[in-house]
Amino acid sequence: MPDQFDSRSPDDVDDVPTVACSRCDREWNLDYELDELRVGNQSMERFALDHKRHTGHFPDEVTPWVVACRQCPDGEEFLSERPARRWAETHARHTRHSVELKHTDEDDDEEPTVVSPPEQ
Ligand SMILES: [Zn+2]
Ligand SMILES: [Zn+2]
């Protein structure tokens with residue numbers, strides 16, 4: 001991929017979706033995900049996960065579900081609720097910790113969902 005900033009306006013009609021990251025101050029098109037990885041509709045998701053894995057943060061316009069343990073430093077971010085909830089429930093089950101689950105797109109005043117360990 002040429003190492004140049006893609007300055008096309010978002011209004012341009014283009015088959016290849018683009019992703020921007022203000023933290024990296026860069027913009028990418030997803031032709032690699034579409035052509036090389038052949039992930040099609042999941043190209044945005046794949047890019048976001050790869051970006052998180054390699055840089056430690058998600059690109060712009062991605063509002064992850066955040067799980068954070070209340071009793072230990074463990075936590076994770078996910079692109080959808082289902083794996084986030086699964087992580088929370090699994091952590092609660094194994095550690096008997098309570099885990100907070102929150103979508104960062106929501107109003108900051110909103111209380112996070114708390115996943116508590118199952119009764120035994
Ligand atoms: Zn970035
Ligand atoms: Zn924990």
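Visitor: In which sense do strands E3 and E4 pair, and over how many bridges?

Guide: Bear in mind that this is a predicted model. Strand E3, residues 65-69, runs antiparallel to strand E4, residues 75-78, and the two share four bridges. To follow the register, take Val67, whose bridge partner in E4 is Glu76. The link between E3 and E4 is a hairpin of five residues.

Visitor: Which bridge partner does Ala68 have in E5?

Guide: Ala68 is partnered by Glu100 there. Strand E5 covers residues 99-103, and its pairing with E3 is antiparallel, with five bridges. E3 therefore has E4 as one antiparallel partner and E5 as another.

Visitor: How should I read a nonpolar core, and which residues make up the largest one here?

Guide: The general idea is that in soluble globular proteins, nonpolar side chains tend to be buried together. In this structure, the largest nonpolar core has eight residues: Trp65, Val67, Phe78, Ala84, Trp87, Ala88, Val99 and Val115. Two elements, E3 and helix H3 (81-95), each give two or more residues to this core. H3 provides the largest share, with three residues.

Visitor: What is Trp65 in contact with, leaving aside its neighbours within four places in sequence?

Guide: A contact here calls for C-beta atoms within 7 Å. By that reading, Trp65 touches Glu77, Phe78, Ser80, Glu81, Ala84, Leu101 and His103. Among these, Phe78 and Ala84 also belong to the eight-residue core.

Visitor: Which residues does the second core include?

Guide: That core is separate from the largest one and has five residues, including Val19, Phe47, Phe58 and Val62. Val19 is a handy place to pick up the other hairpin, since its bridge partner in E2 is Trp28.

Visitor: How many residues lie between E1 and E2 in that hairpin, and what stands out in the turn?

Guide: Four residues separate E1 from E2, and Asp25 in the turn has a positive phi of about 55°. The strands themselves, E1 at residues 18-21 and E2 at residues 26-29, pair in the antiparallel sense over four bridges.

Visitor: Stepping back, in what order do the elements of the protein chain run?

Guide: Reading from the N terminus, the order is β-β-α-α-β-β-α-β-β, which comprises three helices and six strands.

Visitor: And how many of the contacts between residues at least 6 apart join residues at least 24 apart?

Guide: The share is 36% in the protein chain. As for burial, 15% of the 120 residues are buried.

Notes: Residues are numbered from 1 along each chain as its sequence is written. Chains are lettered from A and ligands numbered from 1 in the order in which they are written. This is a predicted model: local features need pLDDT of at least 70, side-chain atom pairs count only at pLDDT 80 or more; totals for chains, interfaces and linings use all residues. A nonpolar core is a set of buried Ala, Val, Leu, Ile, Met, Phe, Trp, Tyr and Cys residues joined through C-beta atoms within 7 Å. A residue is buried if 20 or more other C-beta atoms lie within 10 Å of its own, exposed if 12 or fewer, and partly exposed in between; C-beta atoms are placed from the backbone. Two residues are in contact if their C-beta atoms, placed from the backbone, lie within 7 Å.
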